[in-house]
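Student: I'd like to go through this structure and ask how each label is earned. Can you show it first?

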Amino acid sequence: MKARPAWVRRLITMVVLVAVVAVAILAYGYFRLTAEVDVGPVKEPNALDAKEADRKIEIYKNALAGAERGFIRLSEVEINSFLQRHDFGDAKTNAASAAMSSVRLVDCRLQLKPEHLIWYCWVRKGLFGWPVQVVWRRIVQFGRGKDGWVLETKSMSVGSFDVPTRLWPVVHGELGEIDRLFLDRLRWLSSLPMIELRTNHTSPALELRLYTYPVSKPETMRKP
């Protein structure tokens, strides 16, 4: 059998090398995007803290409606427990996921930090016909917009990949449907007089404070 010309052998070798490099790059990207993320010491949501959050928010709503001055304190675990009970139950998640094209919210956690919030979402998405799960992490801050409070995204990552700002619209286009589960809650927060992240005198743990009236400086007051 006649041997292939040298240029053909070189071309085949080059094609094979390019294919190997492309597969390696795709594999590297896949493992970075689907990497597990350590969320740190975040307590698991539970029924007791969900009940306590319900109690506090009911007090707050009544005080707000009655024009009473004060605030409530919500801990990190109370917020996550409240979200799990009201916005992330199986029925609501399944109903919302049914309306989505190819994404499903599997789990979520909110972490309180001194200057911002970290919002973790475990998302399952179809990729070339296969379900792939990723952790979508966003660092957000409360800001004052024209129509009330807004959550401003400061940074974003998927798995262990830090997403450049220019690619945020791409990620939102692929995963952003899950935010529809929390739209009602965000609209309610945006209308509140004052929101603050701080510690109190008895514990170094951060808490989310919801005031019934606008304040420019932190002050000590009786909660409603």
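Tutor: Let's start with a cut-off: a residue counts as buried when its relative accessible area is under 20%, as exposed when over 50%, and as partly exposed in between. Keep in mind that this is a predicted model.

Student: Okay, why is Glu207 called buried?

Tutor: Glu207 has 5% relative accessibility. The cut-off for buried is under 20%, so Glu207 counts as buried.

Student: What makes Glu207 and Arg73 a salt bridge?

Tutor: For that label, a side-chain nitrogen of Lys or Arg has to be within 4 Å of a carboxyl oxygen of Asp or Glu. Between the side chains of Glu207 and Arg73 the N to O distance is 3.1 Å, so the pair passes. Glu207 lies in strand β8 (residues 207-211) and Arg73 in strand β1 (residues 71-75), so the bridge ties together parts that are 134 residues apart in sequence.

Student: And why is Arg73 called partly exposed?

Tutor: Its relative accessible area is 27%, and partly exposed is the class between 20% and 50%.

Student: Which residues are joined into one network by salt bridges that share partners?

Tutor: Glu44, Asp107 and Arg109. As for the total, the structure holds 12 salt bridges.

Student: How do you know that Arg85 and Asp54 form a salt bridge?

Tutor: Their side chains meet at 2.8 Å, N to O, and the limit is within 4 Å. This pair also links distant parts of the chain, with Arg85 in helix α3 (residues 76-86), Asp54 in helix α2 (residues 47-65) and their positions 31 residues apart. Both ends are partly exposed: Arg85 has a relative accessible area of 41%, and Asp54 comes in at 23%.

Student: What links Glu78 to Lys56?

Tutor: A salt bridge, with the closest N and O atoms 3.1 Å apart. Here too α3 is linked to α2, since Glu78 sits in helix α3 and Lys56 in helix α2, 22 residues apart. In this pair Glu78 is buried at 8%, and Lys56 is buried at 11%.

Student: Why is α3 described as largely enclosed?

Tutor: Eight of its 11 residues are buried, so the rest of the structure largely encloses α3. Those buried residues are Glu76, Val77, Glu78, Ile79, Asn80, Ser81, Phe82 and Leu83.

Student: Now the cysteines. Why is Cys121 not in a disulfide?

Tutor: A disulfide needs two cysteine sulfur atoms within 2.5 Å. The closest cysteine sulfur to that of Cys121 belongs to Cys108 and is 5.9 Å away, too far for a bond. By this rule the count is zero disulfides.

Student: Are Cys108 and Cys121 buried or exposed?

Tutor: Cys108 is buried at 2% relative accessibility, and Cys121 is buried too, with a relative accessible area of 0%.

Student: Last one: what makes Leu186 part of a nonpolar patch?

Tutor: Patch members need over 30% relative accessible area and no salt bridge, and nonpolar side chains are joined within 5 Å. Leu186 has 36%, so on accessible area it clears that bar, and it counts as partly exposed. The place of Leu186 is in helix α6 (residues 183-190). Together with Leu151 and Leu183, Leu186 forms a surface patch with about 220 Å² of accessible area.

Note on methods:
Residues numbered from 1 in each chain as written. Predicted model: local features only at pLDDT ≥ 70, side-chain atom pairs only at ≥ 80, totals over all residues. Heavy atoms only, no water. Buried < 20%, exposed > 50% of the residue type's maximum accessible area, 1.4 Å probe, protein only. Patch = residues over 30% accessible without salt bridge, like charges linked within 9 Å, V, L, I, M, F, W, Y side chains within 5 Å. Areas by Shrake-Rupley, 256 points an atom, 1.4 Å probe, with all protein chains shown as cover. Helix = DSSP H or I, 4+ residues; strand = E, 2+ residues; numbered from the N terminus.
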